[in-house]
Amino acid sequence: MSVDLHALYQEVVLDHNRHPRNFRAMQGGRKAEGFNRICGDRVTVHLRVEADVIRDACFQGSGCAIVKASASLMTEHIRDLTLADAAALVERLRRTLSAPPGAPIDDLGALGALTGVRLFPIRIKCAVLPWEALLAALSARDEVVYTSPRSLDRRIP
Amino acid sequence: MAAAPPLRPCDKVRHGHPAGDPGQYADADADRFLSTRTPLTRQRTHRLGGPDLDIDLANVRNDFPALHQQVHGRPLVYLDNAATTHKPRAVIDRVAQYYTEENASIHRGVHGLSERATDAYECARECVARFLNAAETREIIFVRGVTEAINLVACTYGRTHVGPGDEIVISEMEHHSNLVPWQILCDEKGARLRIIPITDAGELRMESYEQLLTDRTRVVAVAHVSNALGTVNPVAEIVRRAHARGIPVLVDGAQAVAHMPVDVQELGCDFYAFSGHKLFGPTGIGVLYGRERLLDKMPPYQGGGGMISFVTFERTEYSALPHKFEAGTPHVAGALGLAAAIEYVTDLGLDRVRPHERALLDYGTRALSGVPGLRFTGTAANKSGILAFLLDGVHPHDIGTILDRAGVAIRVGHHCCQPLMARLRVPATARASLALYNTRDEIDALAAALLEVREMFA
């Protein structure tokens, strides 16, 4: 098994894939769905927002290990963030994940487990999908947002 | 008395038929087709049958330069042939030769190059006609691929024969290319699609098909072989039942022509489509076979140069078949490359390719059955070389990524069959698809890599 694969499928990722956190529905609140039309993966992100602060976040849907782990880690990470901070985090995560391998990147804490996708350009969209949905849900746009390699800054070879 | 015309390269293409049901061949027989090739230097031993047969498979593999490379530091194991096949040297050389020596606009130029290019292009058409055993060469229309072929039929035959309340019958296993063009037509005409359901094994429910045929049915369009399941559909029977009611049948042969002999007269179908790139030929070239009687009455698909015989600002007279359907400068190099590919598989013998792939499919089915938690999608009795599967607790995209790192190329996803995925209640599947150059060693590499996946996601 290659070193790259172990970077992609880190133990944290495999654990969140096996046991996704906050994998449930929510009545009311804000929600949006991320859909990858290339592979059919879907993630619906639900948020309970009080006074511009995310008090609860959960998700539903189906996808690969990277999508599930990314969504699971995200719902843990964004709780108690303000809407503005969460939006800034989405941008930071997008930028970090699409940085070429070897380039210096921000320390994302627990979210750092997702950075293995940098070695697998076509899988970046998987890690980003729940975050695209989050961005839409932050603005209370109950809609389906599509992600594709084109939605990223980095050109996919 | 005139002398016999010189033998052109395509004259050697002959249509071959298996003596009986290809499924009857035993494993050992399956490898016979490889034994007719002249031994060359042996690059790599591929276990297939007896030791003497290995040399021949190495020979076949030597004809395909792209097979001999490493991916992520591992020897390429190419099992994505339903998506596209690799090209033998003969095809690559033919395309290069066209651009090197012939390159010219066809059907119009009076100069020597144009004459040669035109002759070669029309010779390629004859080659295709013989390959499909079409009654007439003018029944062969060059198109970009199956997608364009079906759009052509939907936009011409469909637009003139389908009206409000009419019905078009397709099946639950169709590729989007044999669904969306009909859906567009139905939307435009107020007609509706009727869908032949499939069994859990992935076979058409023929009794339901019978019931779907009504006096409103205008076209039946089905896959010869399912790209996602491997099912070989009983096309002759489908045609027989439709014709009993006077309904024409289009067959999507994308997944058939590289794997078994196809005889359009024997099938009885009215339209048959295939793509060159899935038959070891170039991309961007494909074929629509159409029954002359129907093609003759169909309006043109695209207007432009090449498809006209006389034009004024008031009106245009169209060319005779097949040129009526080939507006613009055609993909000459593609047609010549396709003819070279047809010669290649004809030399090898498609009647021998089928049992070889069948044996490999059986071997693969047994090998993958040993992977814990693996479940096949598509277990039809009459199946082509497609191993589609799911692995408990592992998403197909994760399988695809891990296999890629082991050098094993497969397809994961919905395979352009989203309605079929919905029927199977899965978002995606993993699919290994075979071609004549695949070996048991490669199946073993696939099975080993799947065990690695299993281990990682334990």
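Select helix 2 (residues 11-18) and helix 3 (residues 65-77) of chain A in this predicted model, and look along one of them: the two axes come within 8 Å and cross at roughly 90°. An angle from 65 to 115 degrees counts as roughly perpendicular, and helix 2 of chain A and helix 3 of chain A are therefore described as roughly perpendicular to each other. To see what fills the crossing, show the side chains of A:V12, A:V13, A:H16 and A:N17 in helix 2, which meet A:A65, A:I66, A:K68, A:A69, A:S72, A:L73 and A:E76 in helix 3. Coloured by class, this contact of helix 2 with helix 3 has 6 nonpolar, 3 polar and 2 charged residues.

Stay in chain A and select A:D80, which is placed in the loop between helix 3 and helix 4 (83-97). Its backbone deserves a check, in that A:D80 has a positive phi of about 75° although it is not a glycine.

Now turn to chain B, where there are 14 helices and 17 strands. Of the 458 residues of chain B, 57% count as buried, and among its contacts with a separation of 6 or more, 71% are accounted for by residues 24 or more positions apart.

Next, select B:L132, B:V220, B:Y272, B:L279 and B:F280, the residues with the most contacts inside the largest nonpolar core, which has 82 residues. Add helix 10 (residues 332-348) of chain B, from which the largest share of this core, 12 residues, comes. If you colour chain B by domain, you will find that the core draws at least three residues from each of domain 1 (45-84 + 349-456) and domain 2 (93-346).

Which residues is B:F280 in contact with, leaving aside its neighbours within four places in sequence? They are B:F64, B:T85, B:H86, B:K87, B:P88, B:V91, B:A258, B:A341, B:V345, B:A435, B:L436 and B:Y437. For a second core, lying apart from the one just visited, select A:I66, A:V67, B:L387 and B:L450, which are among its 76 residues; A:I66 also belongs to the helix 3 side of the crossing where the tour began.

Return to B:F280 itself, which lies in the loop between strand 9 (271-275) and strand 10 (286-290) of chain B. The residue is buried, because its relative accessible area is 0%, and its phi is near 70°, a positive value in a residue other than glycine.

Move on to B:E102, in helix 2 (residues 89-102) of chain B. Is this glutamate buried or exposed? B:E102 counts as buried, because its relative accessibility is 8%, where the cut-off is under 20%. Beyond its neighbours within four places in sequence, B:E102 is in contact with B:R94, B:Q97, B:L113, B:R116, B:A117, B:A120 and B:L336.

From that list pick B:L113, in helix 3 (residues 112-132) of chain B. The C-alpha atoms of B:L113 and B:E102 are separated by 5.5 Å, with the two residues 11 apart along the chain. At 34% relative accessibility B:L113 counts as partly exposed, and its contacts, again leaving aside neighbours within four places, are with B:E101, B:E102, B:N103 and B:A104.

Finish at B:P322, in the loop between strand 12 (316-318) and helix 10 of chain B. Display the backbone here, since a cis peptide bond joins B:L321 and B:P322, with omega about -5°.

Terms used: Residues numbered from 1 in each chain as written. Chains lettered and ligands numbered in written order. Predicted model: local features only at pLDDT ≥ 70, side-chain atom pairs only at ≥ 80, totals over all residues. Heavy atoms only, no water. Axes fitted to C-alpha atoms, helices over the stretch in contact; angles between N-to-C directions. Helix = DSSP H or I, 4+ residues; strand = E, 2+ residues; numbered from the N terminus. Parallel < 35°, antiparallel > 145°, perpendicular 65-115°, else oblique. Contact = heavy atoms within 4.5 Å. Nonpolar A, V, L, I, M, F, W, Y, C, P; charged D, E, K, R; others polar. Core = buried A, V, L, I, M, F, W, Y, C linked by side-chain atoms within 4.5 Å. Buried < 20%, exposed > 50% of the residue type's maximum accessible area, 1.4 Å probe, protein only. Domains from an automatic or database assignment.
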